[in-house]
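Student: Could we go through this structure together? I would like to start with how its strands are arranged.

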Amino acid sequence: MVFTTIFLFFSICYNKNVINLPFFQKWGQCIIHMKKYQIALDIGATKILGGVIQSGQVIKKIKKPTQPKLGRQTVIGNIIKVIKKLMEFGQIEGAKLERIGIGIAGQVDNKKGVVLSTGNFGPDFKKVKLAQILNTKFKVPIQVDNDVKCFILAEAKSGAGKGYKNIIGLTFGTGIGGGIIMNGEMWRGMNNTAGEVGHMKISGQWIGQAPICGCGQKYCWESVASGRAWQKLYKKYSKKKANEIVVYNIVTGLINLSYILNPEIFILGGGLMEHEDILSKIKKEFLSRCQLPWFKKTRIVKAKLGDEAILLGALI
């Protein structure tokens with residue numbers, strides 16, 4: 001009753017411009033137009049990137065080391081610290097935290113918000129009930145998903161994939177991550193692992209023995225076509241040789257995916273795509289090796305949203 005009376009008082013006075021003092025104007029606006037914001041995190045093995053999102057725009061970003069070698073509790077502690085820091089910014093702006101979205105590298109049960117396993121976080125970071133932990137701490141809805149699925153959701157909605165219904169998004173960094181949208185819907189498969197294309201086997205090019213992937217096997221796509229693979233070749237041979245081999249291997253994977261899924265567009269992101277001319281070399285190689293004429297209509301483009309893609313996608 002008291003709150004209702006105060007609300008009506010400020011509503012009438014503010015709308016009729018009766019109260020002109022800055023103090024009353026500020027609080028009148030706060031009551032009538034309570035702003036809301038969301039927090040999103042992109043959690044990788046090296047760093048946690050956090051952002052404050054308001055009206056679909058990232059208005060504040062911070063970074064903090066993930067420190068996976070220090071164990072599970074350290075990683076969770078760092079996640080909480082980033083969220084608290086971002087909440088401080090939101091409170092300064094006079095807004096209310098609405099929800100938190102998380103994009104994390106690894107296999108995720110997106111329905112329960114559980115991180116089942118990760119490739120580079122250490123053996124103890126398994127079956128982590130991250131949504132439950134953060135909900136208990138911050139008392140707001142939490143959603144957790146695989147980072148590359150967040151990436152492609154954002155690119156499809158407002159980035160390079162806008163207007164397309166059949167999209168494959170790929171990130172080339174330490175490994176190769178993938179997300180697949182078919183007929184306008186995210187294709188998750190039986191347990192949300194559809195799109196883990198970095199571990200599909202290819203007979204690509206290499207010098208010497210085939211490298212062993214982080215998963216322990218040979219002939220994984222990411223072991224011969226990722227940013228890490230490029231770095232190995234560059235250090236041992238040359239930039240020219242690294243480009244030649246990695247571009248060939250990337251295109252081998254793109255052609256395989258084209259035969260299986262027939263996408264309208266490939267959206268490529270990650271650190272490797274920042275290398276000069278790498279995208280143009282991939283396009284040229286793809287066109288030269290296409291056997292089916294309709295593959296030549298498949299677009300290959302660079303991601304548009306940069307490091308904000310996973311943040312924005314984590315809230316979709």
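Tutor: Certainly. Please note that this is a predicted model. One place to begin is Gly-101, which stands opposite Gln-143 in E7.

Student: Which strand is joined to E7 there, and how many bridges are there?

Tutor: Strand E4, residues 95-104, is joined to E7 by five bridges, and the two strands run parallel.

Student: What packs on the sheet and touches E4 and E7?

Tutor: That is helix H4, residues 130-138. The direction of helix H4 makes about 150° with that of E7.

Student: In what order do the strands of the open sheet come?

Tutor: The open sheet has five strands in the order E3-E2-E1-E4-E7, and their pairing is mixed. Strand E3 (57-65) and strand E7 (142-146) are the edge strands, each pairing on one side only. On average, neighbouring strands of this sheet are turned by 20° against each other, with direction ignored.

Student: New topic: where is Met-273 found?

Tutor: Met-273 lies in the loop between strand E11 (265-269) and helix H9 (278-289).

Student: Is Met-273 buried or exposed, and why?

Tutor: Met-273 counts as buried because its relative accessibility is 4%, and the cut-off for buried is under 20%.

Student: Which residues is Met-273 in contact with, leaving aside neighbours within four places in sequence?

Tutor: Met-273 is in contact with Phe-172, Ile-250, Leu-268, Ile-278, Leu-279, Ile-282 and Lys-302.

Student: And what separates the C-alpha atoms of Met-273 and Gly-227?

Tutor: A distance of 8.7 Å separates those C-alpha atoms, while Met-273 and Gly-227 are 46 residues apart along the chain.

Key: Residues numbered from 1 in each chain as written. Predicted model: local features only at pLDDT ≥ 70, side-chain atom pairs only at ≥ 80, totals over all residues. Heavy atoms only, no water. Helix = DSSP H or I, 4+ residues; strand = E, 2+ residues; numbered from the N terminus. Buried < 20%, exposed > 50% of the residue type's maximum accessible area, 1.4 Å probe, protein only. Contact = heavy atoms within 4.5 Å. Pairing = 2+ DSSP bridges. Axes fitted to C-alpha atoms, helices over the stretch in contact; angles between N-to-C directions.
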